Amino acid sequence: MKIKNVKLYKAVYRPEDIPQTPYNEVAFVGRSNVGKSSLLNTLANNFKLARVSSQPGKTRSINFYLIDGKFFLVDLPGYGFAKVPLSEQKRWRDLIESYLKGRDRLKGIFLLVDSKVGPTEKDLQMKEWLDFYGIPYVVVATKVDKLKQKERRKLEERIREGFKNNSIKIIPFSSKTREGRDRLLKELSHFLES
Ligand code: GTP
Ligand code: MG
């Protein structure tokens, strides 16, 4: 699959503004600062598409990107950043849950996990949520360029342990080196064809 044209279709801040769209979509979820926006930019070969920041909590809206006029990639706000006020965290969670609940055309999720940090309690909750609602997902281990060789060898085992699931699909990924980009595009095609 090649991605040529990416357009921000809509940025949504409130559950009631989530659009019904005529296309299939695949979404990205993960902790704040895990590298969602960077990953989207890497897929789209466009470094200014989604806002990247070293300050967690940058993406506050659900962003719907229309890809080549055919499907949507959806960037969800990052969860679980402790320094964001609780009221704001709750607002994000409500927004994310409203989105995930009623999405007929949501074909799959990329669940991003920071490969240095491993799955957190919040990631586990998200996974259980996805299992419960029967939404297919693949785990993307981000920022693998930061790992030492030994950490790298143990990466998948650690993530599977963390998620208590031995059959989970994991894609090691880096926006810096672009490792994993092709595999991700392949999984994206699978989701969209399913
Ligand atoms: P929020 O929008 O706050 O939820 O964050 P996000 O998940 O969109 O993360 P973002 O892409 O903004 O990246 C957060 C920080 O991690 C930035 O400083 C990025 O430069 C850095 N980063 C993202 N991807 C990688 C990667 O593959 N390797 C390395 N070394 N750093 C990365
Ligand atoms: Mg972001």
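Begin by selecting strand 3, residues 62–67, in this predicted model: six of its six residues are buried, so the strand is largely enclosed by the rest of the structure. Colouring the two faces separately shows that both are covered, with Ile62, Phe64 and Leu66 buried on one side and Asn63, Tyr65 and Ile67 buried on the other.

Keep strand 3 displayed and add strand 1, residues 6–12, which pairs with strand 3 in the antiparallel sense over six bridges. To find a place within this pairing, select Leu8, whose bridge partner in strand 3 is Tyr65, one of the buried residues already picked out.

Next add strand 4, residues 71–75, which runs antiparallel to strand 3 and is joined to it by five bridges. Here Leu66 may be selected together with Phe72, its bridge partner in strand 4. Strand 3 and strand 4 form a hairpin with three residues between them, and in the turn Asp68 is worth centring on, since its phi is positive, at about 50°.

Now widen the selection to the whole sheet, which is open, has seven strands in the order 1-3-4-2-5-6-7 and shows mixed pairing. Strand 1 and strand 7, the latter spanning residues 170–172, are the edge strands, each pairing on one side only. Looking across the sheet, the twist averages 25° from one strand to the next.

For a parallel pairing, select strand 2 and strand 5, which are joined by six bridges; within this pair, Val26 has Gly108 of strand 5 as its bridge partner. With the sheet still shown, add helix 1, which packs on the sheet and touches strand 1, strand 2, strand 3, strand 4, strand 5 and strand 6, its direction making about 145° with that of strand 2. Then add helix 3, which also packs on the sheet, touching strand 2, strand 5 and strand 6 and pointing in a direction that makes about 165° with that of strand 5.

Stay with helix 3, residues 121–133, and check its length: its 13 residues reach 19 Å from the first C-alpha to the last, close to the 18 Å expected at 1.5 Å a residue. Which residues of helix 3 are buried? They are Asp123, Leu124, Met126, Lys127, Trp129 and Leu130, and their packing partners are strand 2 (25–30), helix 2 (86–101), strand 5 (106–114), strand 6 and helix 4 (149–163). Just after helix 3, select Gly134, which takes a positive phi of about 65°.

Continue to strand 6, residues 137–142, and select Thr142 within it. At 3% relative accessibility, Thr142 counts as buried, and displaying its surroundings, apart from neighbours within four places in sequence, brings up contacts with Val34, Leu112, Val113, Asp114, Ser115 and Phe173.

The last stop is a pair of helices, helix 1 (residues 36–44) and helix 5 (residues 181–193), whose axes lie 10 Å apart at an angle of about 85°, and which are therefore roughly perpendicular to each other. To see the contact itself, show the side chains of Leu39, Thr42 and Leu43 from helix 1, with Arg181, Leu184 and Leu185 from helix 5; colouring by residue class divides the contact into four nonpolar residues, one polar and one charged.

Methods. Residues are numbered from 1 along each chain as its sequence is written. Chains are lettered from A and ligands numbered from 1 in the order in which they are written. This is a predicted model: local features need pLDDT of at least 70, side-chain atom pairs count only at pLDDT 80 or more; totals for chains, interfaces and linings use all residues. Side-chain values use heavy atoms; hydrogens and water are left out. Helices (H or I, at least four residues) and strands (E, at least two) are DSSP runs, numbered from the N terminus. Buried means under 20% relative accessible area, exposed over 50%, partly exposed in between (1.4 Å probe, protein chains only). Contact means heavy atoms within 4.5 Å. Axes are lines fitted to C-alpha atoms, for helices over the stretch in contact, and angles run from 0 to 180 degrees between N-to-C directions. Angles under 35 degrees count as roughly parallel, over 145 as roughly antiparallel, 65 to 115 as roughly perpendicular and the rest as oblique. Ala, Val, Leu, Ile, Met, Phe, Trp, Tyr, Cys and Pro count as nonpolar, Asp, Glu, Lys and Arg as charged, and the others, Gly among them, as polar. Two strands pair if DSSP finds at least two bridges between them. The expected span of a helix is 1.5 Å times one less than its number of residues.
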